[in-house]
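Biologist: I would like to learn how to read a protein model step by step. Could we begin with what it takes to call a residue buried?

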Amino acid sequence: MTYKLWPHQIEARKKIDACGHRCILSMEMGTGKTLTAIDTMLSRKYDGLYVIVCPKAVLGVWRGELAKWSDGQIVGVELPGTTVNKAKAAITKARASGKTVAMILNYEQFRLKRWKDFLLGYCAAKDIQGIIFDESHKLANHKSLQSKAGDDIARAIRSTRSDSMVLLMSGTVFSHSP
């Protein structure tokens, strides 16, 4: 790889590994959460898809960061603006490359039933190896549709794959209330 992790990123990676790849990565903005997550993905034996859920404003950023830091080993497939059938076709095409594939969705899209069902279908086939929630403070309201979708998808991934990864990332302070 063409990067070197900073000491705090190495410690974060150790924490992620120690937690069985299921944890919250709470680091301030600009400290390299994205690179830490990408490094974690690269360190794992590739055997399935990844899902990245993020704010709409950073969809393209994730695709660029995946290409940059993984030296092209991870292909980011943005799903917004497509139908479920077009998304399946794009994922199939990306998987044909033999590279790790990460589906990138935004929170507004993720909470919709058709996309939740789309992801649950991949979970049922044991095709999703991990999910990353970027800016995961957006899941803080347990009554919101996106929080419920996040819980459902994360549970489905964990129940179908013993090697699953569920990573929440945020540089924003979480509220202290439920």
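Modeller: A residue counts as buried when its relative accessible area is under 20%, as exposed when that value is over 50%, and as partly exposed in between. Please keep in mind that what we are looking at is a predicted model. With that cut-off, the buried residues of α2 are K33, L35, T36, A37, I38, D39, T40 and M41.

Biologist: How many of the residues of α2 are buried, and what does that say about the helix?

Modeller: The count is 8 of 11, so α2 is largely enclosed by the rest of the structure. For the chain as a whole, 45% of the 178 residues count as buried. A good residue to look at is T40, which belongs to helix α2 and is buried, because its relative accessibility is 0%. A polar atom of the T40 side chain lies 2.9 Å from the backbone oxygen of T36, and T36 is itself one of the buried residues of this helix.

Biologist: Let us step back to the whole chain. How many helices and strands does the chain have, and in what pattern do they follow one another?

Modeller: The chain contains 7 helices and 6 strands, and reading along the sequence gives the pattern α-β-α-β-α-β-α-β-α-α-β-α-β. Its radius of gyration is 15 Å, close to the 16 Å that the globule rule gives for 178 residues, so the chain is as compact as a globular protein of that length. If you prefer to think in terms of extents, the C-alpha trace spans about 45 × 40 × 30 Å along its principal axes. One pair of residues helps to give a feeling for these distances: K14 and P80 are 66 residues apart along the chain, and their C-alpha atoms are separated by 33 Å. K14 sits in helix α1 and counts as partly exposed, because its relative accessibility is 49%.

Biologist: How does one look for empty space in a model, and how much space lies in the largest pocket here?

Modeller: The general idea is that rolling a probe the size of a water molecule over the atoms shows where empty space is left. In this model, the largest pocket holds about 240 Å³ of space. Its lining is made of 13 residues, and those nearest the centre are G30, K33, T34, D134 and E135. Two elements, α2 (33-43) and α3 (59-69), each give two or more residues to this lining, and the largest share, 3 residues, comes from α2. Sorted by character, the lining has 6 nonpolar, 4 polar and 3 charged residues.

Biologist: Which cysteine sulfur is nearest to that of C19, and how many disulfides are counted?

Modeller: For a disulfide, the two cysteine sulfur atoms must be within 2.5 Å. By this rule the count is 0 disulfides. The cysteine sulfur nearest to that of C19 belongs to C23, at 4.5 Å, and C19 is in no disulfide. The same holds when we start from C23, which has the sulfur of C19 as its nearest, 4.5 Å away, and is likewise in no disulfide. As for their surroundings, C19 is partly exposed, with a relative accessibility of 37%, whereas C23 is buried, at 10%.

Biologist: What should I look for in the backbone of a loop, for instance at H21?

Modeller: One thing to look at is the sign of the angle phi, which for H21 is positive, near 65 degrees, although H21 is not a glycine. H21 lies in the loop between α1 (7-18) and β1 (22-26), and it counts as buried, because its relative accessibility is 17%. Another case is K126, also not a glycine, with a positive phi of about 60 degrees; K126 is placed in the loop between α6 (113-124) and β5.

Biologist: Where is S144, and is it buried or exposed?

Modeller: S144 is found in the loop between β5 (128-134) and α7 (145-160), and it is buried, with a relative accessible area of 17%. A polar atom of its side chain lies 3.1 Å from the backbone nitrogen of S147. The loop between β5 and α7 also holds S136, which is buried at 1% relative accessibility. Finally, S136 and S147 are 11 residues apart in sequence, while their C-alpha atoms are 9.3 Å apart in space.

Key:
Residues are numbered from 1 along each chain as its sequence is written. This is a predicted model: local features need pLDDT of at least 70, side-chain atom pairs count only at pLDDT 80 or more; totals for chains, interfaces and linings use all residues. Side-chain values use heavy atoms; hydrogens and water are left out. On a 1 Å grid over the protein atoms alone, a cavity is a set of points where a 1.4 Å probe fits but cannot get out, and a pocket is an open set with protein on both sides within 12 Å along at least five of seven lines; lining residues have an atom within 4 Å of a point. Grid points are joined across faces, edges and corners, and a volume is the space filled by probe spheres set on the points. Helices (H or I, at least four residues) and strands (E, at least two) are DSSP runs, numbered from the N terminus. Ala, Val, Leu, Ile, Met, Phe, Trp, Tyr, Cys and Pro count as nonpolar, Asp, Glu, Lys and Arg as charged, and the others, Gly among them, as polar. Buried means under 20% relative accessible area, exposed over 50%, partly exposed in between (1.4 Å probe, protein chains only). A polar contact is a pair of N or O atoms within 3.5 Å; within protein, one must be able to donate a hydrogen and the other to accept it, and residues adjacent in sequence count only if both atoms are side-chain atoms. The radius of gyration is taken over C-alpha atoms; the globule rule is 2.2 Å times the number of residues to the power 0.38.
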